[in-house]
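Q: I am new to this structure and would like a close look at one part of it. Could you walk me through that part and then show me how the rest fits around it?

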Amino acid sequence: MDKKVVELLNQQITKEFYSAYLYLEFSNFYYDLELNGFGHYFRVQAQEERDHAMLFLQYLQNNGERPVLETVDKPQVIPTEAKMALEETLKHEQYVTGLIHEIYDAAYQVKDFRTMQFLDWFVKEQGEEEANANSLVKKFTLFGDDPKSLYMLDSELAARVYAAPSLVI
Ligand code: FEO
């Protein structure tokens, strides 16, 4: 495989573990506020991010490359109020979309069609993650200040069910 593509794929393992760490921080924040549905939602999100990390790791191994595990930073955003974590989630997902596009571009430059096909799932996934984050920000803006509505939103988020990634590699 192309060195640059391998380097970026390897870096993405750490970035996805960082995302898991960030969302676990957000989960802890919400549990502390007694917004347990939000807490649960972000715990599930953290699980999904760990899955993403493992997909990048597995993909490298499938292609005969040895993954190199790097340091995962501690969460760089500590939320101070409920809406902030949602806004930071949207920002973070937009950032991750940029990273995926960067790897895609590197693969495209060297005609690495297999990596491009692998990344197609992530391109779609990022679209969904940004849409979900955007929707939560909007809902919170509409209902967040009303305790009854907030309670209902919290209950809605408590119903999120973890699902393993649909991508099989
Ligand atoms: Fe792994 Fe939220 O993107």
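Which residues line the second largest pocket?

A: Happy to help. Please keep in mind that this is a predicted model. The second largest pocket is lined by Thr14, Lys15, Tyr18, Ser19, Thr71, Val72, Asp73, Gln76, His92 and Tyr95. Two elements, helix H1 (3-33) and H3, give two or more residues to that lining. H1 contributes the most, with four residues. Sorted by class, the lining holds three nonpolar, five polar and two charged residues. The volume of this second largest pocket is about 170 Å³.

Now let us turn to the largest pocket. The space in the largest pocket comes to about 390 Å³. Its lining is made of 26 residues, and those nearest the centre are Tyr41, Gln45, Glu48, Asn132 and Arg160. At least two lining residues come from each of helix H2 (36-62), helix H3 (82-109), helix H4 (113-143) and helix H5 (147-158). H4 has the largest share of this lining, nine residues. By class, eleven of the lining residues of the largest pocket are nonpolar, six are polar and nine are charged.

The helices also share in the nonpolar interior. The largest nonpolar core has 23 residues, and Phe26, Tyr30, Phe38, Phe42 and Leu86 are the ones that touch the most other members. H1, H2, H3, H4 and H5 each give two or more residues to this core. H1 provides the largest share of it, seven residues. For a closer view, pick out Tyr30: setting aside neighbours within four places in sequence, Tyr30 is in contact with Leu35, Asn36, Phe38, Gly39, Phe42, Ala82, Ala85 and Leu86. There is also a second, separate core of 22 residues, and among its members are Phe56, Val96, Ile103 and Leu167.

Another residue to find is Thr115, which belongs to helix H4. Thr115 has a relative accessible area of 0%, so this residue is buried. Apart from neighbours within four places in sequence, Thr115 contacts Met1, Val5, Leu9, Tyr59 and Ala107.

H2 can be followed from end to end. This helix has 27 residues and spans 39 Å from its first C-alpha to its last, close to the 39 Å expected at 1.5 Å a residue. Just after H2 comes Gly64, with a positive phi of about 75°.

Finally, look at the backbone in two loops. Most residues other than glycine have a negative phi. Glu34 is not a glycine, yet its phi is positive, near 70°. You will find Glu34 in the loop between H1 and H2. Its relative accessible area is 56%, so Glu34 counts as exposed. Lys111 also has a positive phi, of about 55°, although it is not a glycine. Lys111 sits in the loop between H3 and H4. Lys111 counts as exposed because its relative accessibility is 62%, and exposed here means over 50%.

To come back to your starting point, H1 links two parts of this tour: H1 gives four residues to the lining of the second largest pocket, and seven residues to the largest nonpolar core.

Conventions:
Residues numbered from 1 in each chain as written. Predicted model: local features only at pLDDT ≥ 70, side-chain atom pairs only at ≥ 80, totals over all residues. Heavy atoms only, no water. 1 Å grid on protein atoms, 1.4 Å probe; cavity = no way out; pocket = protein on both sides within 12 Å on 5 of 7 lines; lining within 4 Å. Points joined across faces, edges and corners; volume = space filled by probe spheres on them. Nonpolar A, V, L, I, M, F, W, Y, C, P; charged D, E, K, R; others polar. Buried < 20%, exposed > 50% of the residue type's maximum accessible area, 1.4 Å probe, protein only. Contact = heavy atoms within 4.5 Å. Expected span 1.5 Å × (residues − 1). Core = buried A, V, L, I, M, F, W, Y, C linked by side-chain atoms within 4.5 Å.
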